[in-house]
Amino acid sequence: MAGEEEDEAWAQVDMSAMRRRLLSLIHRHYLEAISRLPAADLRATLARGLLVAGHCYGPLHPVHNILLNSIWYAAAFPLRDADRINAHMISNDGVVRACHRSLEGLVASLRLFCPHLSTGDALWNLMSADADLSAAVALADRTSRSSAQTAMRPQVHGTFQAAAMAARHPNPAAFGMFLSSVLPTIKRDIVLFLRTTHMLSPKDIEHLTKSLVPDLPNDLLQPPLMISPGVLDVITSHRKLFKDTEEAVLKVVTVALRKYTLQSGEQFVLHSVCGVNLLKKERLDNCYHINFFAHRQESGSVLGAPLLFFMEALVPALDDSSIRLCVVVDPLTEIGSCFACETNKKKIVHPTYDEYLGGRDFQVDDVDNDGDFPNPLDVDYIFFDAERDSLFANHLDGIATCDKGGSTDVLGTYCKAIL
């Protein structure tokens, strides 16, 4: 593998710019994947699969990788019935963290498949290939995509297991086995299916689940955890906080859709909320920027793929006057953003031309887009797995134990992670 000194050929500002570009591309892939999943399955199980393990690296197109990795993990490692929670609101922090971890997995994968590449070279090839790993390997090796995929095949297990470790996947060993042993046997049919079926139905999810999830070997199954009452109390408190926040956001989105319907004459039904940010920088404690997907509806039936909306609103939304802006946006073409969302690491797709708060005039170099999220996020509490999340349980148990000797506000310690 190329030495890190070779990255000296790349200026730090250039590498940061490539990372920003790739994170935006990956975020766009996640939005497309979310829009293709059926709302009921997304709320029940697939939001967890997507945010916990639905990384975009793998042998297929990034969107297809996200879809299959999400469906596989949700089915292979389901939560206990008592721990399941319906999530109408997909954590923006969770999506952004998934983007960062996917990028780490992409870079690790590409450098393992192409050892002659430096990190800067890997970023350049991935950016040129729109974050598509197979295409990036083809570019780096100056060959065709099909030839690159053939060359990648013998290395799939070890490479993707190592990449999953770099990306902090919850079960790298199982993931490596899935991509090397299960997916190759059904790859051709699965790719054809995903190319010809844009909007997946609940029956499609059931079909994919049966194809993707054979029985796991016993050595990949983990023993149940012993969870202390203190940890369970923290998890319960955070879940309640999430549901309270979700309820407030869903109310304002309902008001926004109603106002948009009156203005456009079209009926819409909510698919999912996929981005929420409080504009702290504007000192407007109750003003939010929100992205959500909604289907057109006619005679009670949804029409086509959901559209992505941007809204600026005052919460709680007492009436239509609380909705300052509600417009359809296109993640492929919209380049608008605001300083408040960017500095808070919230990936919200803003309209290019409409006016909104948050500060539009800023330099992207002034915003820190690097790094992961060291603190626990709302996702870690909402989708806590009482059978597998041992490191997180131990982390919470340690804090709860320390808290007995000092502050009793355990929940307050964690609220910073979701604001």
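**Salt bridges, sheet and core**

Student: Which exposure class does Glu-266 fall into?
Tutor: The model is predicted. Glu-266 has a relative accessible area of 27%. Buried means under 20%, and exposed means over 50%. With its 27%, Glu-266 is therefore partly exposed.

Student: Which residue meets the side chain of Glu-266 in a salt bridge?
Tutor: Side chains of opposite charge can pair when their charged atoms come close. Here the N to O distance is 2.7 Å. The pair links distant parts of the chain, 30 residues apart: Glu-266 sits in the loop between α11 and β1, its partner in strand β2. The partner is Arg-296.

Student: In the salt bridge of Asp-132 with Arg-145, which residue counts as buried?
Tutor: The closest N and O atoms are 3.0 Å apart. Asp-132 lies in the loop between α5 and α6, and Arg-145 lies in helix α7. Arg-145 has 33% relative accessibility, so it counts as partly exposed. At 6%, the buried residue is Asp-132.

Student: What separates Glu-246 and Lys-243 along helix α11?
Tutor: These two also form a salt bridge, with the closest N and O atoms 2.7 Å apart. Glu-246 is buried at 3% relative accessibility, whereas Lys-243 is partly exposed at 28%. Both lie in helix α11 (residues 229-264), about one turn of the helix apart, or 3 residues.

Student: Which strands are the edges of the sheet?
Tutor: The open sheet has 4 strands in the order β1-β2-β3-β4, with antiparallel pairing. An edge strand here pairs on one side only. That description fits β1 (267-278) and β4 (323-329).

Student: Which helix packs on this sheet, touching β1, β2 and β3?
Tutor: Strand β3 (residues 301-314) pairs with β4 over 6 bridges. The helix that packs on the sheet touches β1, β2 (287-298) and β3. Its direction makes about 145 degrees with that of β1. It spans residues 12-36 and is helix α1.

Student: Which helix gives the largest share of the largest nonpolar core?
Tutor: That core holds 119 residues. Val-253, Val-273, Phe-292 and Met-311 touch the most other members. The largest share is 11 residues, and they come from helix α9 (residues 172-196).

Student: How many residues make up the second, separate core?
Tutor: In the largest core, Phe-292 has contacts including Val-253, Leu-257 and Met-311. The second core is separate and includes Val-234, Ile-235, Ala-393 and Leu-396. Its count is 9 residues.

Methods:
Residues numbered from 1 in each chain as written. Predicted model: local features only at pLDDT ≥ 70, side-chain atom pairs only at ≥ 80, totals over all residues. Heavy atoms only, no water. Pairing = 2+ DSSP bridges. Helix = DSSP H or I, 4+ residues; strand = E, 2+ residues; numbered from the N terminus. Contact = heavy atoms within 4.5 Å. Axes fitted to C-alpha atoms, helices over the stretch in contact; angles between N-to-C directions. Core = buried A, V, L, I, M, F, W, Y, C linked by side-chain atoms within 4.5 Å. Buried < 20%, exposed > 50% of the residue type's maximum accessible area, 1.4 Å probe, protein only. Salt bridge = Lys/Arg side-chain N within 4 Å of Asp/Glu carboxyl O. Lists of a residue's contacts leave out its neighbours within four places in sequence.
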